[in-house]
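Please find below my notes on the model you sent, set out as numbered points. They begin with one helix and then move outward to the rest of the chain.

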Amino acid sequence: MLDNLNWWEIGALLLLALLIFGDRLPAVITDGLRMVRNLRNMARNATTDLSRELGTDIQLEDLHPKAFIRKHLLSEEDEQAIRKPLQGVYDNLRADVTGVHDDLKDVANAADVRSTGARSSTATGGAPAPAPRASYDDAT
């Protein structure tokens, strides 16, 4: 919840809370914690009631519509039937991307003059690197 706040901002918020609430700050913190505890109990009771009414074990994470449908309404066969048309496309795409990645890695290794300069051309398996051409600027 406070992931995007740094220490200075948290300190400023605490100082602001101290200025606003003053001596009542411990009581306000206690009331806030009691409210959070009550909200947790209400959520737990709601999931327990829902589990009892539906006759299945429902966790709070299962109440997301996609997770609920996947877990409680679809069988494994139904889920596989939904995934099957896209699975072949996914596998083909993954194989193509892997092939391109390997080709790019081979090209990068062959083109890297600095790392192949210390090794012989037969050790890398490629043709020897061409000698650099003398440019007009080098000749003058």
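1. The 30 residues of α2 should span 44 Å at 1.5 Å a residue, and the end C-alpha atoms of α2 are 43 Å apart, which agrees. This is a predicted model, and the agreement between 43 Å and 44 Å should be read as a statement about the predicted coordinates of α2. Helix α2 covers residues 25-54, and the residue that follows α2 is Gly 55, with a positive phi near 80°.

2. For context, the chain has 7 helices and 0 strands, so that from the N terminus on the order of elements is α-α-α-α-α-α-α. Of the 140 residues of the chain, 5% count as buried. The area that the chain exposes is about 12,700 Å², and carbon and sulfur atoms supply 61% of that area.

3. Which residues of α2 are buried? They are Leu 25, Thr 47 and Ser 51, and the cover over these buried residues includes α1. The assignment for Leu 25 rests on a relative accessibility of 18%, and Leu 25 counts as buried because the cut-off is under 20%. Thr 47, with a relative accessible area of 11%, is buried as well.

4. The contacts of Leu 25 can be given by name: when residues up to four places away in sequence are not counted, Leu 25 touches Ala 17 and Leu 18. Leu 25 itself is placed in helix α2. For Thr 47, which is also in helix α2, I would note a polar contact instead, since the side chain of Thr 47 reaches the backbone oxygen of Arg 44 at a distance of 2.8 Å.

5. How many salt bridges does the structure hold? There are 2. One joins Arg 34 to Asp 31, with the closest N and O atoms 3.0 Å apart, and both of these residues lie in helix α2, 3 residues apart, or about one turn of the helix. In the other, the side chains of Arg 52 and Asp 49 meet at 2.8 Å, N to O; Arg 52 and Asp 49 also both lie in helix α2, 3 residues apart, again about one turn of the helix. An α-helix has 3.6 residues a turn, so residues three or four places apart point the same way.

6. Are the partners in these bridges buried, partly exposed or exposed? Arg 34 is partly exposed, with a relative accessible area of 43%, and Asp 31 is partly exposed with a relative accessible area of 43%. Arg 52 is exposed at 56%, because the cut-off for that class is over 50%, whereas Asp 49, at 35% relative accessibility, counts as partly exposed.

7. Turning to α1, this helix has 15 residues and reaches 21 Å from its first C-alpha to its last, close to the 21 Å expected at 1.5 Å a residue. At the start of α1, a side-chain oxygen of Asn 6 comes to within 3.1 Å of the backbone nitrogen of Trp 8. Just after α1, Gly 22 takes a positive phi of about 60°, and a glycine with positive phi, Gly 55, likewise follows α2.

8. Helix α1, which covers residues 7-21, contains Leu 13. Together with Leu 16, Ile 20 and Phe 21, Leu 13 makes a nonpolar surface patch of about 370 Å². In describing α1, I would therefore mention both this patch and the part that α1 plays in covering the buried residues of α2, among them Leu 25, which counts as buried at 18% relative accessibility.

9. A last point concerns the loop between α3 (65-73) and α4 (76-111), where Leu 74 lies. At 29% relative accessibility, Leu 74 counts as partly exposed, since the buried class is limited to values under 20%. Leaving aside neighbours within four places in sequence, Leu 74 is in contact with Ile 69 and Ile 82.

Technical notes
Residues numbered from 1 in each chain as written. Predicted model: local features only at pLDDT ≥ 70, side-chain atom pairs only at ≥ 80, totals over all residues. Heavy atoms only, no water. Patch = residues over 30% accessible without salt bridge, like charges linked within 9 Å, V, L, I, M, F, W, Y side chains within 5 Å. Areas by Shrake-Rupley, 256 points an atom, 1.4 Å probe, with all protein chains shown as cover. Salt bridge = Lys/Arg side-chain N within 4 Å of Asp/Glu carboxyl O. Helix = DSSP H or I, 4+ residues; strand = E, 2+ residues; numbered from the N terminus. Buried < 20%, exposed > 50% of the residue type's maximum accessible area, 1.4 Å probe, protein only. Contact = heavy atoms within 4.5 Å. Polar contact = N/O pair within 3.5 Å; in protein donor to acceptor, adjacent residues only side chain to side chain. Expected span 1.5 Å × (residues − 1).
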